[in-house]
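Here is a brief report on selected local features of one protein model. Please keep the sequence and the 3D view open while reading.

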Amino acid sequence: MKRVVVGLSGGVDSSVAAYLLQEQGYEVIGLFMKNWHDDSVTISNECPWLEDSNDALLVAEKLGIPFQTVDLSEEYKDRIVDYMFKEYENGRTPNPDVLCNREIKFDVFLKIALSLGADYVATGHYCRKGTLQKDGKEIYQLLAGVDTNKDQSYFLCQLSQEQLSKSLFPIGELTKPQVREIAAKLDLITAEKKDSQGLCFIGKVRLPDFLQQKLQPKEGEIIEIDKDNSIYSKPKPQFDSLEDKLKFESEPFPYNSSMGKRVGKHQGAHYFTVGQRKGLNVGGTKEALFVIATDVITNTIYTGQGHDHPGLYRSVLRVKPHELHWVREDLKLQNGESMEVRARIRYRQELQKATLYQFESGLYVAFEKPQSAITEGQFVAWNIEDELVGSGVIS
């Protein structure tokens with residue numbers, strides 16, 4: 001009998017995942033990951049780990065499976081929280097959920113599971129795993145969940161073949177209402193429980209409060225750039241090569257404070273991200289004000305009015321060579337090669353038509369239509385049909 005360790009989070013998805021594996025004849029063990037202790041930065045009791053671990057325990061008892069809690073808070077701090085601080089300090093916006101899966105659930109947690117004699121780990125992610133044979137070798141595919149409204153393959157975009165080989169996603173073939181229905185029939189305590197929100201394992205946090213633990217507030221200026229500014233209508237130079245053209249188009253606009261008017265003050269450019277509209281505390285504008293750029297060196301935030309402001313849009317982004325990852329290593333592009341894909345730059349975004357171009361200087365993702373709020377530090381992921389084949393950090 002194959003043994004599976006399920007990451008029981010205290011939510012409905014992982015509860016049903018454990019039940020389905022039991023039904024499929026696996027020996028199932030439930031393991032709850034405790035990754036965060038500091039409740040001072042969480043808002044209300046939206047995601048207290050204590051309640052979650054109790055719910056996970058009750059589910060395990062109901063299903064009659066062994067259960068234990070592992071404390072991974074040290075690894076979580078080293079690999080996720082410290083990384084987040086560093087990225088924000090450098091003016092980038094990290095995605096802790098993607099990192100959490102790569103570094104914690106499918107690395108530290110996976111190793112613990114294997115040490116318990118497990119053949120696989122399983123989670124309550126809405127995605128599927130496929131396998132195919134190529135050149136006599138088994139290749140694992142990361143496929144979108146059947147529930148297109150809940151597909152979470154994006155969050156697993158940094159997984160490797162090795163990690164996928166040891167992973168199971170039991171609810172990937174189901175929709176969320178079907179999962180809740182199964183939990184209700186089994187009378188599980190998690191059946192009606194709301195989905196957790198906020199940072200992976202930490203819950204809902206006031207991000208500035210969270211960041212202020214390490215990054216000190218620092219007053220700076222908010223500059224508004226007019227949508228008719230000449231920077232947006234400058235003629236493009238002539239390019240010697242496609243690579244030069246893509247490099248130029250992937251660069252953010254070079255703003256300086258003399259280009260616009262001062263409309264307010266902020267407490268630190270590193271607390272803000274491109275596309276953000278809340279928290280600016282600037283009134284009296286005709287349309288909503290959006291962050292179009294941040295500069296942590298001069299501690300300046302550049303803003304523009306309206307969600308159609310040209311400063312929000314770019315068609316090309318770049319991924320540096322060391323921040324590029326192929327889930328399907330066999331599809332990896334060589335220098336000078338290109339590939340048509342559908343890509344997204346954030347979770348829940350509709351997949352967009354794009355072309356990948358690989359050069360020694362990195363990979364360029366050129367979208368058919370300009371994209372709003374391409375944000376440094378976030379992940380771009382690309383699909384061929386419903387298979388996620390690669391991803392990278394936007395630079």
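The buried residues of helix H1 are Val 12, Asp 13, Ser 14, Ser 15, Val 16, Ala 17, Ala 18, Tyr 19, Leu 20 and Leu 21. The model is predicted.

**Helix H1**

Ten of the twelve residues of H1 are buried, so the helix is mostly covered. What do these buried residues pack against? Their partners are strand E1 (3-7), strand E2 (27-34), strand E4 (120-122) and strand E7 (167-168), along with helix H2 (49-63) and helix H6 (176-185).

The length of H1 fits a helix. At 1.5 Å a residue, the twelve residues (12-23) should span 16 Å. The C-alpha atoms at the two ends are 17 Å apart, which agrees. After H1 comes Gly 25, with a positive phi near 95°.

**Helices H3 and H4**

How do helix H3 (residues 73-89) and helix H4 (residues 96-115) pack? The angle between them is about 160°, and their axes lie 10 Å apart. Angles over 145 degrees count as roughly antiparallel, and H3 and H4 are therefore roughly antiparallel to each other. H3 passes H4 in a right-handed crossing.

The H3 side of the contact is made by Glu 75, Tyr 76, Arg 79, Ile 80, Tyr 83 and Met 84. On the H4 side they meet Pro 96, Leu 99, Cys 100, Glu 103, Ile 104, Asp 107 and Val 108. An α-helix has 3.6 residues a turn, so residues three or four places apart point the same way.

**Glu 387**

Glu 387 sits in strand E18 (residues 387-393). Is this residue buried or exposed? Glu 387 is buried, with a relative accessible area of 7%. Its side chain makes a polar contact of 3.0 Å with the side chain of Gln 141. Beyond its neighbours within four places in sequence, Glu 387 is in contact with Gln 141, Leu 142, Leu 143, Arg 328 and Trp 382.

**Two loop residues with positive phi**

Most residues other than glycine have a negative phi. Asn 281 has a positive phi and is not a glycine. Ala 373 likewise has a positive phi without being a glycine.

| Residue | Phi | Loop between | Relative accessible area |
|---|---|---|---|
| Asn 281 | near 55° | strand E9 (261-266) and strand E10 (289-295) | 76%, exposed |
| Ala 373 | about 55° | strand E16 (362-372) and strand E17 (379-384) | 9%, buried |

In short, Asn 281 is exposed, whereas Ala 373 is buried.

Conventions. Residues numbered from 1 in each chain as written. Predicted model: local features only at pLDDT ≥ 70, side-chain atom pairs only at ≥ 80, totals over all residues. Heavy atoms only, no water. Helix = DSSP H or I, 4+ residues; strand = E, 2+ residues; numbered from the N terminus. Expected span 1.5 Å × (residues − 1). Buried < 20%, exposed > 50% of the residue type's maximum accessible area, 1.4 Å probe, protein only. Contact = heavy atoms within 4.5 Å. Polar contact = N/O pair within 3.5 Å; in protein donor to acceptor, adjacent residues only side chain to side chain. Axes fitted to C-alpha atoms, helices over the stretch in contact; angles between N-to-C directions. Parallel < 35°, antiparallel > 145°, perpendicular 65-115°, else oblique. Left-handed = near helix turned anticlockwise from the far one by under 90°.
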